[in-house]
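I opened this entry to go through one model, starting at the ligand and ending at the backbone. My notes follow in the order I looked things up.

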Amino acid sequence: MSKSYTVIVAGMGKRGLHHATFFKANPRFELIGISSRDPVRLTSALSKLGSVPASSDTRSFALSANPDLFCFCTPPNVRLEMLRLGVECGAKLIAFEKPMALTSAELFAMRDLIRQAGVKAVVSHQHRYGVHYRKAKEIIAGGGLGRVHSVYGTATGWMTHLLSHLIDYTCWFNNYGTATWVMAQAAGRAKFTDNHPSPDYIGGFVQFANGVRGIYECGAGAPDQPEVAKWWGKNRIGAQGTEGFAEVLTNGGWRAVTKSGGYQSGEGAMNYELDMPPYIQEMADWLDDNTKVHPCNFDHSYTGAEIMLALQRSAAEGGQVALPLTAGADEQAMLRLKVPDRPVLVSFEQNKMEFGLG
Ligand SMILES: NC(=O)c1ccc[n+]([C@@H]2O[C@H](COP(=O)([O-])OP(=O)(O)OC[C@H]3O[C@@H](n4cnc5c(N)ncnc54)[C@H](O)[C@@H]3O)[C@@H](O)[C@H]2O)c1
């Protein structure tokens, strides 16, 4: 019987409960505690999880439990302090949610902490386990598109919710190659007050060192995907090459045209019940064996996070921004200062409602 790893999950909102549920269901993990500063959420989580030690004092709970794995699922403005706690409590692996950080200053501090501590870390870009995402990747990696020259991602959901997903999966399609510069624009201020603070619309370009061009749009101005009913699933992520293209719609399957295969398509929709188990299992695999690096590892996500923050800097400052970023900054403050005070122009009617425009 293989060793099981002890886990604490902090933050008991939607994603914290998902994580706790799937750690509990996996025999390679022992869920030794859940924590939330909100007693109502804690009670509600316990009613679903059954008997699990629980506390509203995450810090003392984690320090006394000394788990193998510390997982936190908190809003985007709570990252560095939780990562520090994960290191302090002696965890071998720290798992947390996207987006990695709201500012490059915080992202750099997180990177330095992880490197100094030598701890493993995993970021929840788990959509990639969907059968449609894997099919698109298989076609791209198998050479079916010829020479890949472009990757792209669009989503009508706003930046701090979805841009991290778009960039991570396109970086996966591009084998996590490094980027050399970005350029972007942003519009609309309604979502700066959201708990996923964002300009209402951001669009930009990325130059990757291997010559591939990245093209991203996120928010109210991004195009509708009429094939998809679920608003949060109207995300189109793909790659184009000299001999075809392959893409996924988060809630609408995959499709491709390749020189040898013609037009092909298939089913697939983002589904936590299907995507979380392999995401969790691969944490045990990495803990077992250092060579089985988790595909959602910190370095992979860092590639995308740096691009995402550079796009924001470009939108705020104008012009191109070179990568890698060398000094930390507060991109949220930069955007708030510079995004014009004019309502965003939407791409289709439903976005008006989602962005509070009537
Ligand atoms: N990977 C995905 O598919 C996916 C899907 C949805 C959300 N997310 C991400 O997951 C994260 C959490 O989202 P959610 O929907 O579960 O949020 P939520 O609001 O439902 O839950 C957040 C939890 O964090 C706790 N919390 C808030 N502030 C805290 C603080 N200062 N210290 C400690 N705990 C605090 C809250 O009490 C709550 O228990 C976000 O970063 C979000 O972007 C990821």
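Which pocket does the space taken by the ligand correspond to? I checked, and the ligand takes up the space of the largest pocket. I note here that the model is predicted.

**Ligand shell**

I listed the residues around the ligand next. There are 25 of them, and the closest are Met12, Arg15, Arg79, Lys98 and His196. I then sorted the shell by residue class. Eight of its residues are nonpolar, nine are polar and eight are charged.

**Polar contacts of the ligand**

I looked up three contacts. Lys98 uses its side chain: a polar atom there is 2.9 Å from a ligand oxygen. Ser124 uses its backbone, where a polar atom is 3.1 Å from a nitrogen atom of the ligand. Gly13 also offers a polar backbone atom, 3.3 Å from an oxygen of the ligand. How much of the ligand's accessible area does the protein cover? On its own the ligand has 860 Å², and the protein covers 85% of that.

**The parallel sheet**

I turned to the strands. Six of them make an open sheet, and I read the order as E3-E2-E1-E4-E5-E6, with parallel pairing. Which strands stand at the edges? They are E3 (54-55) and E6 (120-123). Each has a single partner strand, so one side of each lacks a neighbour in the sheet. I followed E6 inward to E5. Strand E5 covers residues 93-96 and runs parallel to E6, joined by four bridges. I picked out one pair: Ala95 has Val122 of E6 as its bridge partner.

**The mixed sheet**

A second look-up gave an open sheet of nine strands, ordered E14-E13-E12-E11-E7-E10-E9-E8-E15, with mixed pairing. Its edges are E14 (262-266) and E15 (321-322); each pairs with a single strand, so one side of each is left free of a neighbour in the sheet. Inside the order I checked E7 against E11. E7 (residues 148-155) and E11 (residues 236-241) are antiparallel, with six bridges between them. Gly153 is bridged to Ile237 in E11.

**Backbone exceptions**

I kept the backbone for last. Most residues other than glycine have a negative phi, and most peptide bonds are trans. Where are the cis bonds I noted? One runs from Lys98 to Pro99, with omega near -15 degrees. Lys98 is also the residue whose side chain contacts a ligand oxygen. Pro99 sits in the loop between E5 and helix H5 (104-117). Another cis bond joins Leu323 and Pro324, with omega about 0 degrees. Pro324 belongs to the loop between E15 and helix H10 (331-338).

Which sign does phi of Asn66 have, positive or negative? I found it positive, near 50 degrees, in a residue other than glycine. Asn66 lies in the loop that runs between helix H3 (58-65) and strand E4 (69-72).

Key. Residues numbered from 1 in each chain as written. Predicted model: local features only at pLDDT ≥ 70, side-chain atom pairs only at ≥ 80, totals over all residues. Heavy atoms only, no water. Near = heavy atom within 4 Å. Polar contact = N/O pair within 3.5 Å; in protein donor to acceptor, adjacent residues only side chain to side chain. Areas by Shrake-Rupley, 256 points an atom, 1.4 Å probe, with all protein chains shown as cover. 1 Å grid on protein atoms, 1.4 Å probe; cavity = no way out; pocket = protein on both sides within 12 Å on 5 of 7 lines; lining within 4 Å. Sits in = over half its atoms within 2 Å of the grid points. Nonpolar A, V, L, I, M, F, W, Y, C, P; charged D, E, K, R; others polar. Pairing = 2+ DSSP bridges. Helix = DSSP H or I, 4+ residues; strand = E, 2+ residues; numbered from the N terminus.
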